[in-house]
Amino acid sequence: MNNLRMNWLDAARIAAAFCIIAIHSTTDPQGKPFPFAHEGERLFTVLFRTTAELASTEYFILVSLFLLAFKMERKPASFGATMRLQARRLLVPFVFWTLFYAFFKLLKASQFGYIETATAALFNPLNWLDYFVLGTSQYHMHFLPTLFILILFYPLYKLAAKYPVLGLALIPLLFMRDFLAGWLWANVANYDVLEYLARAVKILCYVGYGMAAYALFGWWKSQVDRELSLRVFAFTGFVLSLMFMVKLIQATTIIQSGDFGLRSGAFYYAHYLIPVCSLLLFMSSQHFRWPDKLSLWSKYTFAMYLVHPAVIDVFDILTHSIELPVWQYTLGKYSFAASGSLALAWLLGRIMPLAWSVGLGPLPFSAAYRRLAQRTPLKAGSAA
């Protein structure tokens, strides 16, 4: 096993959290790229979002699966034990936050004039099915069930750790996703059925990210020396720059149209391959002098991901009657969401009965919870 401190991975996790928050801070309260603003007013916001997409949700998936590979290398466990642990870490908080967001969004609905529609949605059983299967109670909740299902395939990913070239399987799987999703949208008329089929296709094709994450882990285990790491870092930066240029071309279209549109062709592949390059860039910086204190903050990244939409909604409510230039609104929302999410994550981690909900403490009434309660009756945060 590589003996280098994994401060670079802590940095990668922190980048994931703050970039996801940035992506979600670059839209208007309706989740659109300010379609009624002038093109010039959208310039900063769209470019800010394009930069943040260097560490998108797919990047968060890669980081999570790489961390899984690292932990299982250190402490091997059976398939059943692994999935039980992941169910506790992912699905139990998922149920809690699904219920929270299903009702919390009524607060924003009351301020923006669609409270009747939002309330009616709570009485539709099909909506609750979507909440708990697709993770639609809030725009970010899909990540938890998706990641859990992807972890089911981890025995397959081990092949890529042994034969890293298998990480390239991501490319044909992305092609398959593009083709199958296009076919579904053109041929399935029932939208409810379409959503489930499209999600199934997405998850199955995202197995490629698991192969890529384990391939990178296999390469990292080979203990690459400083010289080669720096060369990989330089080459990855070069490739990332080219892909970012493709993203900038797409950004000009968004700026002009005020609509995100669909990703196709080079735009599609650049967007979905950039996360691999971003993680490889961090990994090839393993010989850099990353601060050791990053590990103190990286443990809050999962919590920040879970709570940040609530903080963003609070910002939208507070600024509902205030007219701000788009760039000021974007910077204000991001600053408020990033700092507020970190503060709320830290606070939840200190409240022992709630720390489990953000992955920073054991479940209530468990043996670990009772032991922690005896030692620190008022706070948690260290038993994640």
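**View 1. Helix H1, a segment largely enclosed by the rest of the structure.** Of the 18 residues of H1, 17 are buried, so the helix is largely enclosed by what surrounds it. Here buried means under 20% relative accessible area, exposed means over 50%, and partly exposed lies in between (1.4 Å probe, protein chains only). H1 covers residues 7-24, and its end C-alpha atoms are 26 Å apart, which agrees with the 26 Å that 18 residues should span at 1.5 Å a residue. The expected span of a helix is 1.5 Å times one less than its number of residues. Helices (H or I, at least four residues) and strands (E, at least two) are DSSP runs, numbered from the N terminus. Please keep in mind that this is a predicted model, in which local features need pLDDT of at least 70 and side-chain atom pairs count only at pLDDT 80 or more, while totals for chains, interfaces and linings use all residues. Residues are numbered from 1 along each chain as its sequence is written, and side-chain values use heavy atoms, with hydrogens and water left out.

**View 2. The whole protein, for orientation before the next close-ups.** The secondary structure comes to 18 helices and 0 strands. The radius of gyration is 21 Å, close to the 21 Å that the globule rule gives for 384 residues, so the protein is as compact as a globular protein of that length. That radius is taken over C-alpha atoms, and the globule rule is 2.2 Å times the number of residues to the power 0.38. Along its principal axes, the C-alpha trace spans about 55 × 55 × 45 Å. Of the 384 residues, 49% count as buried. Among contacts with a separation of 6 or more, 82% come from residues 24 or more positions apart; contact means heavy atoms within 4.5 Å.

**View 3. Phe34, in the loop between H1 and helix H2 (39-52).** Look for the backbone of Phe34 here: its phi is near 50°, a positive value in a residue other than glycine. Phe34 is also buried, with a relative accessible area of 11%.

**View 4. Thr50 in helix H2 and its partners.** Thr50 has a relative accessible area of 5% and is buried. A polar atom of the Thr50 side chain lies 2.8 Å from the backbone oxygen of Val46. Not counting residues up to four places away in sequence, Thr50 touches Phe244, Lys247, Leu248 and Ala251. For a sense of scale, Thr50 and Leu85 are 35 residues apart in sequence and 35 Å apart in space, C-alpha to C-alpha.

**View 5. Ser56, in the loop between H2 and helix H3 (57-74).** Ser56 counts as buried at 3% relative accessibility. Its side chain and that of Glu58 are joined by a polar contact of 3.0 Å. A polar contact is a pair of N or O atoms within 3.5 Å; within protein, one must be able to donate a hydrogen and the other to accept it, and residues adjacent in sequence count only if both atoms are side-chain atoms. Leaving aside neighbours within four places in sequence, Ser56 is in contact with Ile20, Ile23 and Pro275.

**View 6. Thr82 in helix H4 (residues 79-112).** Thr82 counts as buried, at 5% relative accessibility. The side chain of Thr82 has a polar atom 2.8 Å from the backbone oxygen of Ser78. Beyond its neighbours within four places in sequence, Thr82 is in contact with Met72, Ala77 and Tyr154.

**View 7. Helix H9 (residues 170-187) and its buried face.** In H9, Leu170, Leu174, Arg177 and Leu184 are buried. Seen down the helix axis, the buried residues fall within an arc of 95°, so they line one face of H9. The arc is that of the directions from the helix axis to the C-beta atoms. These buried residues pack against helix H10 (191-205), helix H11 (207-221) and helix H13 (265-283). H9 has 18 residues and reaches 25 Å from its first C-alpha to its last, close to the expected 26 Å.

**View 8. Helix H11 and the residue Gln223 just after it.** H11 is mostly covered, with 13 of its 15 residues buried. The helix reaches 21 Å from its first C-alpha to its last, close to the 21 Å expected. Gln223 lies in the loop between H11 and helix H12 (226-257). Although Gln223 is not a glycine, it has a positive phi of about 55°. At 45% relative accessibility, Gln223 counts as partly exposed.
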